[in-house]
Amino acid sequence: MNKVQIVEVGPRDGLQNENEIVPVASKIKLIDKLVAAGLKRVEASSFVNPKWIPQLADAEEVLRGIARPKDVTFSALVPNLRGLERAAACGITEVALFMSASESHNKKNINKSIEETFPVLQEVAREAQALGLRVRGYVSTVFGCPYEGSVPLDNSRRVTNELLEMGVFEVSLGDTIGVATPKQVHEIIGALVKDVTTERLAGHFHDTRGTGLANVVAALGEGLRTFDSSIGGLGGCPYAPGAAGNIASEDLVYMLHGMDYETGVDLERLTEAGAFIQQELGRELTSKVLKASLSCKSV
């Protein structure tokens, strides 16, 4: 049976877009429930400057409070050496770097041009590896930019290759504003995997226009076997106007299991985690499987 690895990004990429601050205890309980569901890779928080992402200012408290099974990798987003220092002090074993394939989004997100971003990330990657940490990379706006529209394939190819040369073990290719279609996914990922082995690429799709899961199927067809998703469909992008949430972890697992892929995730326990954070936030989340599950239980 084919295996697919899921990287749960809800505690970071999902919650960072919530306006109301979620209590530390709720974040800890959510992460513990995600791990109990069988997820082995969880992006727990971010060590960006708290003034930019107030929701994640409690990263240290959250990481100190969660259970830390040895077979689960907890990662965190870091923008610079200060963020890396804070993450390492919390016992994080994997950090993620981020940048965009389009100049405008990169400047909005990082306040630097693409060219100016490379040396900063290279320094962080070098220091992280010296500390024995694994380094993951995110490339945003691979399939479209909210400011520039279409993004040349060569932009994504260049940024991906630069990150890999820094020693990044995996690059997550992001459809940040949810504009991709399966045809585009086949074309772009099909081109990128000619230069990079599929084991070093992951898909990060948003469901803004309802094509998220279809894009996963297209990426599976190109050989990708690692995908980011967010519990309940939480998420968006603070620097991408109109971007809806990530594909929902519940929906992704349901689809993959129906396609005979093995994920190691218990779907029932995963929906329990979705129901928990939905209740904590006090609003209905977008996951179709979560909604169906709760509807069946109420009958």
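Which residue stands opposite Asp 228 in E8? It's His 204, and that little pairing is a handy way into this predicted model. Let's start there and work outwards.

Strand E8 covers residues 226-229. On one side, E8 is joined by two bridges to strand E7, residues 201-205, and the two strands run parallel. E8 also pairs with strand E1, residues 5-8, through four bridges, again with the strands running parallel. Here Gln 5 has Thr 226 of E8 as its bridge partner. As a bit of background, strands of a sheet pair through backbone hydrogen bonds, either parallel or antiparallel.

Now look at the two faces of E8. In a regular strand the side chains alternate between the two faces of the sheet. In E8, Thr 226 and Asp 228 sit on one side, while Phe 227 and Ser 229 sit on the other. Are these residues buried or exposed? They're all buried, so both faces of this strand are covered, buried meaning under 20% relative accessible area.

How do you get from E7 to E8? Follow the chain through helix H9, residues 212-221: E7, H9 and E8 together make a right-handed β-α-β unit.

Time to step back and take in the bigger picture. The strands E1-E2-E3-E4-E5-E6-E7-E8 form a closed barrel of eight strands, with parallel pairing. From one strand to the next, the twist averages 25 degrees. The E1 and E8 pairing we just met is a link of four bridges.

Elsewhere in the barrel, take strand E3, residues 73-77. Four of its five residues are buried, so E3 is largely enclosed by the rest of the structure. Strand E2, residues 41-46, pairs with E3 in the parallel sense over five bridges, and Glu 43 stands opposite Ser 75 in E3. E3 is also joined to strand E4, residues 94-100, by three bridges, and these strands run parallel too. In that pairing, Leu 77 finds its bridge partner in Ala 96 of E4.

Helices link these strands as you move along the chain. E2, helix H3 (residues 59-65) and E3 make a right-handed β-α-β unit. E3, helix H4 (residues 81-89) and E4 make a right-handed β-α-β unit as well.

While you're around H3, have a look at Asp 58, which is found in the loop between E2 and H3. Its relative accessibility is 8%, so Asp 58 counts as buried. What does Asp 58 touch, once its neighbours within four places in sequence are left aside? It's in contact with Val 22, Val 24 and Lys 27.

Further along the chain there's a loop between helix H5 (103-110) and helix H6 (114-130), and that's where Asn 111 is found. Asn 111 isn't a glycine, yet its phi is positive, near 65 degrees. With 66% relative accessibility, Asn 111 counts as exposed.

Carry on to strand E6, residues 170-175. Five bridges join E6 to E7, and the two run parallel; Leu 173 stands opposite Gly 203 in E7. Helix H7 (residues 153-165) lies across E4, strand E5 (134-140), E6 and E7, and runs at about 170 degrees to E5.

Finally, turn to helix H10, residues 249-258. Seven of its 10 residues are buried, so H10 is largely enclosed by the rest of the structure. Those buried residues are Ser 249, Glu 250, Asp 251, Leu 252, Val 253, Met 255 and Leu 256.

How does H10 sit against helix H11, residues 267-281, and what angle do their axes make? The axes come within 9 Å and cross at roughly 165 degrees, which means H10 is roughly antiparallel to H11. The crossing is left-handed. On the H10 side the contact is made by Ser 249, Glu 250, Val 253 and Tyr 254, and on the H11 side by Leu 267, Leu 270, Thr 271 and Gly 274. It helps to know that an α-helix has 3.6 residues a turn, so residues three or four places apart point the same way.

One last stop is Asp 260, in the loop between H10 and H11. Asp 260 has a positive phi of about 70 degrees although it's not a glycine. And is Asp 260 buried or exposed? Asp 260 is exposed, with a relative accessible area of 53%.

Terms used. Residues numbered from 1 in each chain as written. Predicted model: local features only at pLDDT ≥ 70, side-chain atom pairs only at ≥ 80, totals over all residues. Heavy atoms only, no water. Buried < 20%, exposed > 50% of the residue type's maximum accessible area, 1.4 Å probe, protein only. Pairing = 2+ DSSP bridges. Right-handed = clockwise from strand over helix to strand, strands pointing away. Axes fitted to C-alpha atoms, helices over the stretch in contact; angles between N-to-C directions. Parallel < 35°, antiparallel > 145°, perpendicular 65-115°, else oblique. Left-handed = near helix turned anticlockwise from the far one by under 90°. Contact = heavy atoms within 4.5 Å.
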